[in-house]
Amino acid sequence: MSESTASSRTHEDKLNQLAEVAVRVGLGLQAGQELLMTASLDALPLARRITEQAYRAGASLVTTLYSDDEAALMRYHFAPDASFDRAPAWLYDGMGAAFKSGAARLAIAGGNPALLSNEDPSKVSRANRAVSLAYRPALELITRHAINWTIVANATPAWAAAVFPNAAPDAALAKLWDAIFETTRINGPDPVAAWKAHDANLQTRAARLNEKRYAALQYRGPGTDFRLGLADDHLWLGGGTTAGNGLYCIPNMPTEEVFTTPHKDRADGTVTATKPLSHQGTMIEGIQVRFEKGRIVEARATRGQEVLQTLINTDEGARHLGEVALVPHSSPIAASGMLFFNTLFDENAASHIALGQAYSSCLRDGDKLTPEQLAAKGANDSLIHVDWMIGSGSLDIDGITATGTVEPLMRQGEWA
Ligand code: ZN
Ligand code: ZN
């Protein structure tokens with residue numbers, strides 16, 4: 001990254017470049033396409049830049065759904081109990097209708113990671129469950145990659161305070177923005193070219209793993225001794241992907257992972273998280289779980305135990321794995337040494353696994369398979385998809401072939 005180029009640009013310049021990269025590279029928005037964006041009111045400046053860039057790229061219509069943290073908290077403080085089993089189904093139906101009629105989807109992430117930490121965990125999980133149920137049909141179009149979509153982040157004062165608790169508010173916000181620009185490759189002289197090169201690297205890494213066709217991965221590290229079978233006909237993906245509508249998108253910015261679908265019934269052993277997890281505004285720390293035949297049979301957390309228990313009790317699939325991702329410990333986000341308390345960043349700083357829903361795009365011809373066929377290949381099904389980090393500089397991973405040959409895949413957190 002070129003420091004001189006970076007420092008000669010203002011915050012506004014970089015915000016504009018982030019918006020441009022999000023629209024042109026992340027989303028791959030096509031001229032004439034509609035865009036449906038979600039953003040918090042704190043992200044208004046970035047949302048406006050993205051709106052401008054989308055229209056410049058030929059968007060036929062940009063519609064943004066804004067949310068507000070303060071209003072979200074008022075529900076917990078003043079709403080009747082029955083409120084927590086409700087979700088605006090009409091809104092999610094409308095989002096689904098937009099996706100089906102060809103709209104692209106962009107989410108601006110980056111709220112207060114501990115917004116709901118002091119609220120009743122059972123209300124939080126009931127509200128999450130109601131949203132998951134209502135959003136499911138629309139979300140399925142995203143997880144199947146039927147449409148082009150992406151997620152980018154916006155720094156907010158509350159998030160910055162969580163990441164830099166010892167810095168003054170303005171300094172914390174500036175530091176968080178700088179980390180976002182650095183990890184989303186905006187600081188270099190040509191962000192679009194940087195993304196194309198990075199995407200090609202991730203594609204190459206995924207292609208190498210696809211040639212190997214490992215049947216299982218074996219993990220060994222502090223508190224982790226774990227064997228994970230991969231789904232039959234699994235496909236490793238990394239970087240961009242061609243969505244069902246034919247448009248090429250890079251779904252997460254930043255992204256450093258190569259990932260695939262594990263077999264939902266083939267996980268055995270103990271796994272210990274290496275980073276805290278911010279889940280829907282609550283913190284879960286010190287997660288340790290034990291799997292038997294793919295199913296979590298023991299789970300504990302040093303903080304947020306109740307949230308974790310409610311989470312894995314969401315449905316049967318919430319106790320099984322839907323994603324396995326490999327990220328070298330030297331990735332730029334890991335190298336920053338920062339803990340973002342935001343999955344978009346933290347999952348790209350460490351190898352991780354996800355409880356819940358599998359991505360059918362991580363199976364050969366997965367988008368053409370019925371739910372029964374997907375399940376037969378080992379793809380998990382759940383209302384939730386929650387990533388948590390298990391990678392570190394002391395994690396070793398072996399690849400195990402179908403004939404039982406063991407090959408070193410990662411050593412001390414780096415590609416072997
Ligand atoms: Zn992932
Ligand atoms: Zn995930």
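The following questions and answers concern a predicted model with two zinc ions.

In this predicted model, local features need pLDDT of at least 70 and side-chain atom pairs count only at pLDDT 80 or more, whereas totals for chains, interfaces and linings use all residues. Residues are numbered from 1 along each chain as its sequence is written, chains are lettered from A and ligands numbered from 1 in the order in which they are written, and side-chain values use heavy atoms, with hydrogens and water left out.

Reader: Which residues are the protein donors of the zinc ion (ligand 1)?

Author: Donors are N, O and S atoms within 2.8 Å of the metal (3.2 Å for Na, K and Ca); water is not among the atoms, so sites may look incomplete. Along the sequence, the donor residues of this ion follow the spacing E-x65-E-x23-E-x4-H. At 1.9 to 2.6 Å from the zinc ion (ligand 1), the protein donors are E257 (OE), E323 (OE), E347 (OE) and H352 (NE2).

Reader: Why is the arrangement around the zinc ion (ligand 1) classed as it is, and what is that class?

Author: Four donors count as tetrahedral if all angles lie between 85 and 135 degrees; four count as square planar and six as octahedral if opposite donors are over 155 degrees apart and all others between 65 and 115; anything else is irregular. Ideal angles are 109.5 degrees for four tetrahedral donors. Because the four donor atoms around the zinc ion (ligand 1) subtend angles of 75 to 141 degrees, the arrangement is irregular.

Reader: Which residue bridges the zinc ion (ligand 1) and the zinc ion (ligand 2)?

Author: The two zinc ions lie 3.4 Å apart. The residue that coordinates both is E323.

Reader: In which strands do E323 and H352 lie, and how many residues apart are they?

Author: Helices (H or I, at least four residues) and strands (E, at least two) are DSSP runs, numbered from the N terminus. E323, which bridges the two zinc ions, belongs to strand β16 (residues 321-326), and H352 to strand β17 (residues 352-356). The pair links distant parts of the chain, its members being 29 residues apart.

Reader: Is H352 buried or exposed, and what is its relative accessibility?

Author: Buried means under 20% relative accessible area, exposed over 50%, and partly exposed in between (1.4 Å probe, protein chains only). E323 is buried, with a relative accessible area of 2%. H352 likewise counts as buried, at 0%.

Reader: What arrangement do the four donor atoms form around the zinc ion (ligand 2)?

Author: The protein donors here are E323 (OE), H385 (NE2), D387 (OD) and D387 (OD), lying 2.0 to 2.5 Å from the ion, and their spacing along the chain is E-x61-H-x1-D. H385 counts as partly exposed at 26% relative accessibility, whereas D387 is buried at 8%. Since the donor atoms subtend angles of 55 to 145 degrees, the arrangement is irregular.

Reader: What is the volume of the second largest pocket?

Author: On a 1 Å grid over the protein atoms alone, a pocket is an open set of points with protein on both sides within 12 Å along at least five of seven lines, and lining residues have an atom within 4 Å of a point. Grid points are joined across faces, edges and corners, and a volume is the space filled by probe spheres set on the points. For the second largest pocket, the volume is about 320 Å³.

Reader: Which of the residues that line the second largest pocket are the closest to its centre?

Author: Helices α6 (121-143) and α13 (371-376) each supply at least two residues of the lining. Of the 18 residues in that lining, the closest to the centre are E140, Q357, P371, L374 and D381.

Reader: Where does P254 lie, and what is omega at the cis peptide bond?

Author: P254 is placed in the loop between β9 (248-249) and β10 (258-260). The cis peptide bond joins M253 and P254, with omega of about 10 degrees.

Reader: What is the phi of F341?

Author: F341 lies in the loop between α11 (332-335) and α12 (343-346), and counts as buried at 18% relative accessibility. Its phi is positive, although the residue is other than glycine, and is near 55 degrees.

How values were computed. 1 Å grid on protein atoms, 1.4 Å probe; cavity = no way out; pocket = protein on both sides within 12 Å on 5 of 7 lines; lining within 4 Å.
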